[in-house]
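Biologist: I am new to this structure and would like to learn how to read it. Could you take me through it feature by feature?

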Amino acid sequence: MTAAPILSVNRAQKKFGGLIAVNDVSFDVKQGELLGLIGPNGSGKTTMLNLISGALKPTAGEIALGGKAISGLAAHHIARRGVSRTFQLVRVLPSLDAEGNVMAGAVFGHRRLWGEEARELAHRLLERVGLAGKAHAPVAAMTYIDQKRLELARALASDPRLLLLDEWLAGLNPSELKIGISLIDELRHEGRTIIMVEHVMDAIRTLCDRCVVMSSGVKIAEGGVAETLSDSEVIRAYLGD
Ligand code: ADP
């Protein structure tokens with residue numbers, strides 16, 4: 001691991017009218033790290049991902065990718081710089097087949113691959129996420145886990161410097177969950193840098209190098225997984241007794 005962080009969030013704040021959804025939150029993500037962003041519903045996790053990806057602009061504070069400020073840039077510019085994400089409610093392009101969805105990720109990401117190169121990459125990634133043979137399947141008819149796999153393949157198609165997973169494991173049954181966790185584990189072993197918003201605690205314990213815990217917009221804990229999850233404030237705010 002290099003010392004310089006890939007992502008640096010410095011005193012980020014987001015207000016929606018009178019509500020402070022993210023309040024003075026700072027943390028870094030190092031190259032190759034898998035960071036879990038956890039906390040109760042409404043604590044500001046998705047808003048934080050939206051600030052990083054540029055879907056929302058921070059009210060105050062700075063966010064830097066590879067040492068360069070990205071806060072305030074439009075989402076497509078941040079994507080071009082190498083931030084890629086999946087969404088809490090799966091977003092695939094229903095008018096395209098699986099191959100087309102992944103190719104779209106390749107075209108719009110920072111690698112900007114076109115034509116045959118994008119198609120080859122799409123096929124490699126579809127195989128990678130367990131969708132070999134489904135390149136031309138109609139996306140709307142795919143099962144939920146297959147749509148999740150597809151969304152992951154699309155997010156990977158830009159070869160992101162930072163991958164944001166917003167509850168990617170939510171809604172999977174126990175056997176699908178095992179598959180999902182091992183897919184993320186593979187990405188981690190490849191050295192991908194990932195922030196994962198997740199409620200599945202087994203996944204957090206298995207996969208994450210570190211956790212940041214939010215509650216009511218504020219960061220209440222940060223550190224190694226075992227240490228963070230046994231913190232009394234975290235237990236009180238999130239895990240219950
Ligand atoms: P989490 O992802 O931890 O469940 P969110 O980031 O979705 O939390 O929400 C944090 C708070 O911000 C909540 O109170 C939510 O209602 C509010 N919020 C989120 N997005 C918006 C928005 N676009 N407009 C107004 N309030 C919002």
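Modeller: Gladly! Keep in mind that this is a predicted model. Let us begin with a pair of helices: α3 passes α4 in a right-handed crossing.

Biologist: How is the packing of two helices described?

Modeller: In general, the angle between the two axes and the distance between those axes describe a packed pair. Here, α3 (residues 98–108) and α4 (residues 115–128) pack at about 115°, and their axes are 8 Å apart.

Biologist: Which residues make the contact between α3 and α4?

Modeller: From α3 come A98, E99, V102, M103, A106 and V107. From α4 come A118, R119, L121, A122, L125 and L126. Sorted by class, the α3–α4 contact has 10 nonpolar residues, 2 charged ones and no polar ones.

Biologist: Let us turn to the sheets. In what order do the strands of the 6-stranded sheet lie?

Modeller: The order is β6-β7-β8-β3-β9-β10, in an open sheet with mixed pairing. Its edge strands are β6 (83–86) and β10 (218–224), each of which pairs on one side only. From one strand to the next, the twist averages 15°.

Biologist: How does β3 pair with β8 and with β9?

Modeller: Strand β3 (residues 34–38) runs parallel to β8 (residues 194–197), with 4 bridges between them. On that pairing, L34 stands opposite I194 in β8. With β9 (residues 210–215), β3 also pairs in the parallel sense, over 4 bridges. There, G36 has C211 of β9 as its bridge partner.

Biologist: And which sense of pairing joins β9 to β10, parallel or antiparallel?

Modeller: That pairing is antiparallel, over 6 bridges. One bridge to look for is between S215 and V218, the latter in β10.

Biologist: Is β3 buried or exposed?

Modeller: Strand β3 is mostly covered, with 5 of its 5 residues buried. Look at its two faces in turn: L34, G36 and I38 are buried on one side, and L35 and L37 are buried on the other.

Biologist: Which helices lie across β3?

Modeller: Helix α1 lies across β3, β6, β7 (162–166), β8 and β9, and runs at about 150° to β7. Helix α9 (residues 232–239) lies across β3, β9 and β10, at about 120° to β10.

Biologist: What is the strand order in the sheet of 4 strands?

Modeller: This open sheet reads β2-β1-β4-β5, and its pairing is antiparallel. β2 and β5 (68–69) are the edge strands; each has a single partner strand, so one side of each has no neighbour in the sheet. Strand β1 (residues 5–16) is joined to β2 by 8 bridges, and A12 stands opposite V25 in β2.

Biologist: Where does α1 lie relative to this sheet?

Modeller: Helix α1 lies across β1, β2 and β4 (60–65), running at about 65° to β2.

Biologist: Finally, which residues are around the ligand?

Modeller: They are F16, L19, A21, G39, N41, G42, S43, G44, K45, T46 and T47. Two elements, β2 (19–30) and α1 (45–53), each give two or more residues to this shell. The largest share, 3 residues, comes from α1.

Biologist: How do the shell residues divide by class?

Modeller: The shell has 7 polar residues, 3 nonpolar and 1 charged. You can now trace α1 through your picture: α1 lies across β3, lies across β2 and contributes to the shell around the ligand.

Note on methods. Residues are numbered from 1 along each chain as its sequence is written. This is a predicted model: local features need pLDDT of at least 70, side-chain atom pairs count only at pLDDT 80 or more; totals for chains, interfaces and linings use all residues. A residue is near a molecule or strand if its C-beta atom, placed from the backbone, lies within 6 Å of it. Ala, Val, Leu, Ile, Met, Phe, Trp, Tyr, Cys and Pro count as nonpolar, Asp, Glu, Lys and Arg as charged, and the others, Gly among them, as polar. Axes are lines fitted to C-alpha atoms, for helices over the stretch in contact, and angles run from 0 to 180 degrees between N-to-C directions. A crossing is left-handed if the near helix is turned anticlockwise from the far one by less than a right angle, and right-handed if clockwise. Two residues are in contact if their C-beta atoms, placed from the backbone, lie within 7 Å. A residue is buried if 20 or more other C-beta atoms lie within 10 Å of its own, exposed if 12 or fewer, and partly exposed in between; C-beta atoms are placed from the backbone. Two strands pair if DSSP finds at least two bridges between them.
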